[in-house]
Amino acid sequence: MLTSQFLLLGAILFCIGVYGVVARKNAVLVLMSIELILNSVNINLLTFALRNGSPDGHTFALYIIAVAAAEVGVGLAMVLLIYRNRRSIGLDELSEMRG
Amino acid sequence: MLAAEALVAQNIGFGVVALLMIVAALRVVTTNNVVHAALWLVTVLAGAAAQYVLLAAEFVAVTQVLVYIGAVMVLFLFGTMLTRARIGAERDLNNSYWRLGIPVAVLLFAAMTIAVLSSYSDERLPSDSRVVPVAEISDQIFGPYLLPFWALSFVLLAAIIGAIVLARKE
Amino acid sequence: MSAVSETLSPLSGGWFLDNAWLAPVIPTVGFFLIIMFGKKLPKKGSEIGVISLVGSLVLASGASWQWIHRVNSASEEQFVTPVVRTWTWWQAGGAEFTIGQHIDGLTVVVLFVVAFISTLVQIYSLEYLRGDRRYTHFFAALTLFSAGMLAMVVAEDMILFLLGWEIMGLCSFMLIGHWWEDGANSRAALKAFFTVRTGDVGLLVGIAILFFAANEWTTTNLGLSGFSIRGVSAWALSGNPNSTVILFAAVALFVACIGKSGQFPLHTWLPDAMAGPTPVSSLLHSSTMVVAGVFLVARLYPVFFTGLDILGPSSNVIMVIAAITIVIAAALAFVQTDIKRVLAYSTVSQLGYMMLGLGSGAWLPAVFHIFTHAFFKACLFLCAGSISHSASHHSFDMKKDMGGLRKHMPVTFASWIVSTLALCGVFPFSGFFSKDEIIDNVGGNGYAFFMIVGLFGAFLTAAYMTRATYLTFFGSPRGAAAGEHDEHDAHGTHDAHGTHDAHGTHDKNDVHPHEDHAHAGPHESGLLITVPIAILAVLAIGSGLFNATPFGESWEYLKKWAEPRAAVVGEDHAGGPGESLIFAMPSEEEGHSTSPCGTETPETGVCYAPALNHAEFKWSKALLSLAIVFAGIAMSWLLSAALYGKRDPRLVGLTQRNRFARAGYRLLANKYYLDDLYEQGVVSNVAGPISRAAYWFNQNVLDGILHGVVSAARWIAFVVYRDIDQRIVDGTVNASADITKSAGATVQPIQSGRVGLYGALFFATAAVAALVFVILNT
C-alpha cells in the first residue's frame with residue numbers, strides 16, 4: 001500500500017466536504033459536510049501513524065472523534081434553536097447584515 | 001509470496017472501499033433529500049472505519065463505528081426530524097452561489113495533490129505493521145497527551161451544557 | 001483409538017459441500033437487490049426473491065447429494081467429519097473471530113427443507129399477495145427471513161448462529177406486521193418480537209457462558225475458539241466441564257428455545273403471529289422461525305445431553321416443558337374458530353413433540369419430525385390460505401365463512417386431507433413414521449409417563465384436526481363460503497372476538513384486484529397456489545419413507561445420513577495442534593453410567609456426538625397408537641357432526657348450561673389467562689414503576705443540577721460584565737471603533753452575511769496560500 005493513496009483519499013474527501021460547506025444552504029447538511037472534513041483528517045492522521053510507527057496519530061484521531069461528537073451536539077442544538085425562532089434552517093436567511 | 005498476495009488483497013479492498021466512499025461523499029453533498037444525505041454519510045463513515053482497519057488502527061475503527069455510526073448519526077436524524085415538517089426531497093437545499101464551491105474545491109484539491117505527490121510519490125507503507133494495542137493508546141492519552149485530554153473533557157462538558165441550554169424550551 | 005484408526009477410510013467431498021455457505025449469501029444479496037431495484041422491475045422484485053431461493057435450493061440439494069456420497073464413502077462406525085470452512089473476519093488483542101460453515105447431516109437436512117419450503121412459499125406468494133400495496137417489501141423481508149434461517153443452519157460458530165437467529169426475529173416482526181395499518185396487526189408483531197426477545201436473552205447468556213467455560217479447553221486441545229460449535233460439542237462430551245456451569249448454559253439456551261419455538265409458557269406469541277399474511281404463517285410455522293429453537297437444541301445436543309443429564313434416571317426440564325406444551329396447546333386448538341389459529345396451536349403442540357424427543361434422547365426421530373412436519377404443516381397453512389383466498393372471501397373463520405368446501409376445491413381438499421392424516425400420524429403418511437418414532441423412543445428410553453403424554457397428545461391432535469376438517473370442508477356452506485358477500489357482516493363477526501382476532505383485517509387491507517372472483521362464490525385457486533400445495537401434499541405422503549423404521553434397517557436412510565456417529569476421533573482428525581488428549585473419567589455419581597461417547601471412555605481423542613439408543617420397532621406398539629388416533633378421529637367426527645351438523649340439542653349450548661363445561665371453555669378461550677398475566681402482572685407492575693421512577697429522577701435530580709449550573713453561570717457572567725467588560729474593554733473599544741469604521745467601509749461588499757460565501761472565501765484563500773507554500777518548497 002502506498003502512503004499517497006490514503007493521503008489522496010483524504011484529500012478528495014476533504015475537498016468534497018469543502019464543496020458541501022460552501023454550496024449547501026441547509027444547516028444540517030453543512031454539519032454533515034464538516035463531518036466529511038473531520039473524517040478526511042482522521043484518515044491522514046492514521047496514515048502517518050502507520051508510516052511513522054507511532055501511536056500519536058491514533059490518540060489524536062480519537063480526540064477528533066470526541067470533538068466531532070461535541071460539535072455535532074452543539075451544532076444541532078443551535079440548528080434547533082434557530083429553527084424554533086425562525087421556522088427555517090437556511091443559513092442564507094440568517095443574514096441580517098445589509099451591505 | 002504470501003505477503004505480496006496479502007498486499008494485493010489489501011489494495012483491492014482499499015480501492016473498492018475508497019470508490020464507495022467517494023461516490024457516497026459526492027451523494028452527501030449533492031442529494032436533494034436530507035435523510036438520504038444522512039444515510040450516504042453513514043456509508044462514508046463506515047468506509048472510513050474500514051480504511052482505519054486497513055491502517056492497522058482497529059481501536060479507532062471500533063470507536064468510529066460506535067460514536068459516529070451509532071451516536072452522531074442518530075443526532076443527525078433527530079435534528080432532521082425536529083427541524084423539518086416532512087421528510088422527503090426538497091428543491092432549494094443549495095445556495096444561489098453554489099457553483100462557487102466547485103472551483104474552490106478543485107483549487108484545494110490541486111494544492112493537496114501536488115503536495116502529496118511531490119512528497120510521497122511512491123513511498124510504501126510498512127507492510128509488517130502490527131495492530132497498535134489499546135494499552136499503548138491509553139498510555140499516550142494519560143501520559144504525554146493528558147493536557148489535551150483535560151481540555152477535551154471541558155469541551156465535552158461545555159458542549160453538553162450548551163446543547164441542553166440551547167435546545168431547551170424556556 | 002487404534003481400533004478406530006484401522007477402519008478409517010478417506011471421505012469424499014465436493015463443490016457443493018465446500019460452497020454450501022453460498023446458500024444464505026444468495027438470498028441476502030437478493031434482499032439488497034430487491035430493496036434497491038425491486039420497485040423498478042417488471043415483477044416488482046418478486047422474481048429476484050424466487051430466483052435467489054431457487055439458487056439456494058440448488059445448492060442445498062447438491063450439498064445433500066454430496067453429503068450422502070460422503071457418508072457412503074465412510075466405513076460403518078467411522079465419524080463422518082463435517083465439512084468446515086472458516087474465515088477470520090476480526091482479530092484484536094489475541095482473540096480471533098471467525099465466520100464459517102459447518103456442514104453435517106443435520107445441516108443438510110434442515111438446509112434442504114428450509115430452501116425447499118421457502119421457494120414454494122415464494123411462488124405461492126406471487127399469487128396470494130398480488131396487488132398488495134407493499135408487495136416489494138414483502139418479498140424483500142421474506143427473502144431476508146429465509147437468508148437468516150439458512151445462515152443459522154450453516155453456521156460454524158455461535159456468533160453467526162446468533163446473527164441468523166436475530167435476523168429471523170427482525171424479519172418475523174416485519175412480516176407479521178405487514179399490514180400494520182391495523183392496530184391489532186402491529187400489536188401482534190410487537191408481541192411476537194418482544195416475547196421472542198425475552199427468550200433471546202437466554203441465548204446470549206448461554207453463548208457467553210459456553211465461551212468462557214470452554215474457550216481455554218478448545219483452544220489448547222482443538223485449536224478452535226469457544227464459539228465454535230464443534231469445539232463446544234467436544235468439550236461438553238469430554239468429561240471436563242463442571243456440571244453446574246454446563247447446566248446453567250443448557251438451561252439458558254433452552255430459555256431461548258422456549259421463546260423461539262413457542263414452548264410453554266412463552267407460546268402466546270405464536271397464535272397472534274397469524275396476523276401476518278398466510279404465506280408468512282406457513283413459512284414461520286413449518287420450517288424456519290419456530291424450528292430454530294428445536295434446531296438449536298439439536299445442534300448443540302452434547303451441551304444439553306451433558307448439562308441436563310439426558311438419558312439419566314429422572315426427567316429433565318426439556319421433557320417437562322415439552323409435555324406441558326403438547327397437552328395445553330392441543331387443548332387450546334379445540335376452542336378456536338379461526339382455521340389458522342387451530343394450525344398455530346397444532347404447531348406449538350408438534351414442536352412440543354420435537355422437544356420431547358430431544359429431551360429424552362430421541363435425537364434422530366426429533367430431527368426426522370422437523371423434516372416431515374415442515375412439509376405437512378406448510379401444506380396445511382397454504383391450504384388455509386387457498387381457502388381464504390378463493391372461497392371464503394379472505395376470512396379465516398371456520399364457523400362463519402366455511403363449510404362444504406370439498407366440492408368446490410378438489411385439489412385443496414385432497415391436499416388438506418393428506419396433510420391432516422400425516423399430522424395425525426396415520427399409516428402410511430409421513431407423520432406416522434416420525435411421531436410414532438418419537439413416542440416409541442421416549443418409551444424405549446424408560447420415560448413411560450412421557451410416552452403416555454405423547455399418546456394422549458396424538459389423540460388430541462387427531463380430534464382437533466378432525467373438527468377443523470369437518471367445519472371447513474363438510475357440512476353445509478355458511479357465510480362467504482355459501483356465496484354471501486357481505487363484508488361488513490364478516491368483519492363484524494371478527495371484531496366480536498376481541499383482541500385475538502388480528503386477521504379480521506384481511507378483508508379491509510388485503511383488497512385484491514380480482515374482487516369479481518369473490519362474487520362468483522367459492523372456487524379452486526390458481527395454479528400458482530395449487531401447484532405448491534400439491535407438491536407439499538405429495539411430500540406429506542412420501543417424506544416418511546426417508547426413515548421408515550417399520551420396514552427394517554435398510555429403510556433407515558436418515559439414521560445413516562444425518563445422525564452423527566458417536567465415534568472417538570483421534571487427534572489427527574480433530575485438526576488441533578496434536579497434543580495427546582487426556583480426559584477425566586466421568587465418575588459414576590455425577591455423570592452417566594456409561595461414557596458419553598459410547599460404552600468405553602476415550603483416553604485419547606474426542607467425540608462430537610453422544611451415543612444414543614434406538615427403540616426397536618414393534619407393530620404392536622404402532623397398532624396401539626394407530627388405534628388411539630383412529631379413536632380420536634372417530635370421536636371428534638361424531639361430536640362435530642352432532643354439534644355442527646345436526647345441531648343436537650343435548651350438545652349445543654352445553655357451555656352455557658353446564659358450569660364445569662363453561663369453566664373449562666372459559667379457561668381455554670382465555671388461553672389459560674397467560675396473556676392477562678403477562679400484560680397486567682409483568683407489564684403494568686414492573687414496567688410502570690420503572691418508568692415512573694425514571695421520570696421522577698429526570699424531573700427532580702437532573703433538572704435540579706441543570707438549574708444550579710445555569711444560575712452559577714449567569715452569576716459569573718454578570719460579574720464579568722460589570723467589572724471587566726464595562727470598565728476596561730469598553731474604553732478600548734470605543735477608541736478603536738473609529739478606525740474600524742473606516743476600514744469596514746472598504747471591505748463592506750464582501751461582508752454579505754452569508755456563511756457559505758465566507759466559507760468559500762476562506763477555503764479559496766487557504767488553497768492559494770497552500771499552493772504558494774508548495775511551489776516555494778519544491
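Select H17(C) and helix H20 of chain C, residues 430-444: their axes come within 9 Å and cross at roughly 150°. Because an angle over 145 degrees counts as roughly antiparallel, H17(C) is roughly antiparallel to H20(C). The crossing of these two helices, H17(C) and H20(C), is left-handed. The model on display is a predicted one.

Next, show the side chains where the two helices meet. On the H17(C) side, select Pro365(C), Ala366(C), Phe368(C), His369(C), Thr372(C), Phe375(C) and Phe376(C). Their counterparts in H20(C) are Ser430(C), Gly431(C), Phe433(C), Ser434(C), Lys435(C), Glu437(C), Ile438(C) and Asn441(C). Coloured by class, the residues of this contact between H17(C) and H20(C) divide into seven nonpolar, six polar and two charged.

Keep chain C in view and turn to the nonpolar cores. The largest nonpolar core has 218 residues, of which Leu111(C), Leu253(C), Val294(C), Val367(C) and Cys379(C) touch the most other members. Helix H17 of chain C, residues 363-390, gives this core its largest share, 18 residues.

Which residues does Leu111(C) touch, not counting those up to four places away in sequence? Centre the view on Leu111(C) and select Ala20(C), Ala23(C) and Ala60(C), then Ala63(C), Leu150(C), Val153(C) and Val154(C); these are the residues that Leu111(C) touches with that exclusion. Apart from the largest core lies another core, of 77 residues, and its members include Ile43(A), Ala25(B), Val60(B) and Phe76(B).

Now hide chain C and select chain B on its own. The secondary structure of chain B consists of six helices and zero strands, and a cartoon followed along the sequence reads α-α-α-α-α-α. Chain B has 170 residues, and buried residues make up 29% of them. For a contact map of chain B, consider the contacts with a separation of 6 or more: 57% of these join residues 24 or more positions apart.

Finally, restore chain A and display its contact with chain B. How many residues does each chain bring to the contact? Chain A brings 61 residues and chain B brings 75 residues. On the chain A side, select helix H1 (3-23), helix H2 (27-52) and helix H3 (56-86), each of which supplies at least two residues to the side that touches chain B. H3(A) provides the largest share of that side, with 21 residues. Colouring the side of chain A that touches chain B by class gives 42 nonpolar, 13 polar and six charged residues.

Terms used
Residues numbered from 1 in each chain as written. Chains lettered and ligands numbered in written order. Predicted model: local features only at pLDDT ≥ 70, side-chain atom pairs only at ≥ 80, totals over all residues. Contact = placed C-beta atoms within 7 Å. Helix = DSSP H or I, 4+ residues; strand = E, 2+ residues; numbered from the N terminus. Nonpolar A, V, L, I, M, F, W, Y, C, P; charged D, E, K, R; others polar. Core = buried A, V, L, I, M, F, W, Y, C linked by C-beta atoms within 7 Å. Buried ≥ 20, exposed ≤ 12 C-beta atoms within 10 Å, placed from the backbone. Axes fitted to C-alpha atoms, helices over the stretch in contact; angles between N-to-C directions. Parallel < 35°, antiparallel > 145°, perpendicular 65-115°, else oblique. Left-handed = near helix turned anticlockwise from the far one by under 90°.
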